[in-house]
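Reader: I would like to learn how to read a model of this kind, one feature at a time. Where should we begin?

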Amino acid sequence: GYSLSLLDPSLPAPRLFWALPVALAAALLLLPRVARGFERAGPQAAGTLLLSSAVVAVSWGWSAHYLRSDPGLHAALAVPFGGLLLLAAARLASSAWVAASVAVTVMLVYASFGHFGDTPPHAELLLLLAAGPALVLVLAGFLARELGELRWAWGFLFALVPNSIFVIDAAWMAAYGERFEAGPGLTLALPAALSALILRKRRAPTHALGWMCAAAALALTSGFADQLDQEEFAVSCALFAAALAWIAWRLKLFGAGWSALACALLATTVLLVSAFLPGQHERSDRYLWHWISYAYLLPAAAVAVVLWLEPPASARGLAQRRGILGGCVLALLFLWLNLSIENAFADTPRLQLGATRGHAHDLCTSLAWGLFAGVLLVLGTARRAAGLRWTSLAFFVLSIGKVFLYDLGHLDGLYRVASLAALAFSLLAVSLFYQRFVFGRLGAGARA
C-alpha cells in the first residue's frame, strides 16, 4: 500500500479528511428529493463545493507533504468528485457542468501522476488512475435521458479519453516498461464501449452514441499503435479515421465523416514529412516486411477504408472529399514504394529519401515508378475512373522525365541499354493500352 504518515498526528488521514466534502455534496444532491425549491440550488451548491474542493486539493497537494504522502489520493478523489459532478450536471441539464466534471477528473488524475517521483507506480495506483475516467464514462451512459440532448456535453465526455490516456500510459510505462503497451488504451476503451452499449440500450440520441463510439475507437486505436515501433501517431490517426468513417456510415453522422477526412489528412501529412526528414528511421535488414510496410501500408489501407465507406459523390462536397482521400492513398503507397527501394539499396544505418546513389538503385526506381503508373492505369480503366487515369499519366511523365534527365546521364553500359529498352517497351504498352481500352471504349460509347 501507500504510506499515510502525517506531519501532525492530530490531523485526520487525508482520505478521511476529503470524505467530508464528498459526503456534503452527496447530501446536497439528495436535498431536492426531500425539500421542494432546491431542484437547482442543491446541485449547483454540490457542484460548486466539489469544484472548489478539487482546486484546493490539487494546489495544496503540490505544496504540502500532508497530501503528497499518499500518491494515490488524488486519483482516488477523481472517482467521487467526477461522478458526483456529472450527477449534478445531469440534474442541471448543463453542458458547462459536464465540462467541469471532465476537467476535475482530469485535473485530479494529473495531480496524482505528479507525485510518483522515482518510485514506479503499483498496480493498484494504475487502477485508481483509470477508475475516475471509467466511472464518468459509464455513468454518462446511464444518464442518457438527462444528458441526451446536450450536444456539447458528449463532446466534453469524449475529450476525457485523450486527456486521460497520456497519464495512464506514462504510469504504465513507469511500472511495466514496454510490456503490452496496448494496456492503457484497452483500459479506457472498455468503459467507453460499455457506455456506448448502455446508450444504445437506452435509445439515446445518435450523436451521443457516436461520441462514445468515437471515444472507444480512439482509445483502442491508440493502444494498438503503441504496440508498434515506428510512426505510432500516424498509424493511430489513420486507424481512428477508419473507425470514424465506420461510425459516420453506420449512424449517418455527417460530422464524423469530415473528422475522418481530417484524421486521414493528418496521418498522411505526418508520414510525408517523416519520409523526407534525414535520418528519421533505421534501415531494416528485411527487404519486404519491415517497419516501412506496416508504417505506410497499414495507414494506406485504413484511408482506403475511409474512401470505401464514403457516400456516393453526388452530394455537394463529397466528390472533392473522395478525391482528397484517393490522393492520400496514392501518396502513402508511393512513399512506401520509394522507402522500400531506399531500404534495399541503402548502405547507411539511417534512411533518407534521395540519399542513395547507384546504377541499380536508379534503374529499380524508374522501373518501380513505371509499374506503379501502369497499375493505376489498369485500375482507372477497369473502374472507369478518369482521376486514376490522369494520375497514372502524370506518373508516366514523371518516370520518363527521370529516365531522360537523370538516369541516362549517370548510367553506362548495360544499365543504359536496359533503361532505354524498358522505357521504349513501357511507352509502346501504354499507347496500345490506351488505343484498345480507353479510346476504343470512348469511341464505342459515342457511337452508341
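Reader: What share of the contacts in the protein with a separation of 6 or more comes from residues 24 or more positions apart?

Author: Bear in mind that this is a predicted model. Of the contacts with a separation of 6 or more, 72% join residues 24 or more positions apart. The protein has 18 helices and two strands.

Reader: How many of the residues are buried, as a percentage, and what supplies the exposed surface?

Author: Of the 448 residues, 48% are buried. The protein exposes about 22,200 Å², and 68% of that is supplied by carbon and sulfur atoms.

Reader: How should I read a single residue, for instance Leu139: is it buried or exposed?

Author: Take its element, its accessibility and its contacts in turn. Leu139 is found in helix α7, residues 123–142. Its relative accessible area is 19%, and because the cut-off for buried is under 20%, Leu139 counts as buried.

Reader: Which residues is Leu139 in contact with, once neighbours within four places in sequence are left aside?

Author: With those neighbours left aside, the contacts of Leu139 are Gly83, Leu86 and Leu87. Gly83, Leu86 and Leu87 fall within the range of helix α5 (73–92). A separate pairing is given by C-alpha positions: Leu139 and Ser195 are 7.5 Å apart in space and 56 residues apart in sequence.

Reader: What does the side chain of Asn338 make a polar contact with?

Author: For a polar side chain, look at its setting and then at its partners. Asn338 sits in helix α15, residues 318–345, and is buried, with a relative accessible area of 12%. Its side chain makes a polar contact with the side chain of Trp369 at 2.9 Å. The side chain of Asn338 also reaches the backbone oxygen of Phe334, at 2.7 Å.

Reader: And where is Trp369 found?

Author: Trp369 is in helix α16, so the polar contact with Asn338 links a residue of α15 to one of α16; Trp369 is buried too, at 13% relative accessible area. Leaving aside neighbours within four places in sequence, Trp369 is in contact with Phe334, Asn338, Leu398, Ser399 and Lys402. Trp369 and Ile400 are 31 residues apart in sequence, with their C-alpha atoms 9.5 Å apart.

Reader: How is empty space found, and how much of it lies in the largest pocket?

Author: Rolling a probe the size of a water molecule over the atoms shows where empty space is left. Here the largest pocket holds about 800 Å³ of space. The elements giving two or more residues to its lining are α14 (291–308), α15, α16 (359–382) and α17 (386–410). Helix α15 has the largest share, nine residues.

Reader: Which residues lie nearest the centre of the largest pocket, and how does the lining divide by type?

Author: The lining has 24 residues, and those nearest the centre are Val329, Leu330, Leu376, Leu379 and Leu388. By type, 17 of the lining residues are nonpolar, five polar and two charged.

Reader: Where should I look for a positive phi in a residue other than glycine?

Author: Check the backbone angle, then the place in the chain. Lys252 has a phi near 60° and lies in the loop between α12 (232–251) and α13 (254–276). Ala93, not a glycine either, has a positive phi of about 50°, and its place is in the loop between α5 and α6 (95–113).

Reader: Are Lys252 and Ala93 exposed or partly exposed?

Author: Lys252 is exposed, with a relative accessible area of 66%. Ala93 is partly exposed, at 41%.

Notes. Residues are numbered from 1 along each chain as its sequence is written. This is a predicted model: local features need pLDDT of at least 70, side-chain atom pairs count only at pLDDT 80 or more; totals for chains, interfaces and linings use all residues. Side-chain values use heavy atoms; hydrogens and water are left out. Helices (H or I, at least four residues) and strands (E, at least two) are DSSP runs, numbered from the N terminus. Buried means under 20% relative accessible area, exposed over 50%, partly exposed in between (1.4 Å probe, protein chains only). Contact means heavy atoms within 4.5 Å. Accessible areas come from the Shrake-Rupley method with a 1.4 Å probe; for residues, only the protein chains shown count as cover. A polar contact is a pair of N or O atoms within 3.5 Å; within protein, one must be able to donate a hydrogen and the other to accept it, and residues adjacent in sequence count only if both atoms are side-chain atoms. On a 1 Å grid over the protein atoms alone, a cavity is a set of points where a 1.4 Å probe fits but cannot get out, and a pocket is an open set with protein on both sides within 12 Å along at least five of seven lines; lining residues have an atom within 4 Å of a point. Grid points are joined across faces, edges and corners, and a volume is the space filled by probe spheres set on the points. Ala, Val, Leu, Ile, Met, Phe, Trp, Tyr, Cys and Pro count as nonpolar, Asp, Glu, Lys and Arg as charged, and the others, Gly among them, as polar.
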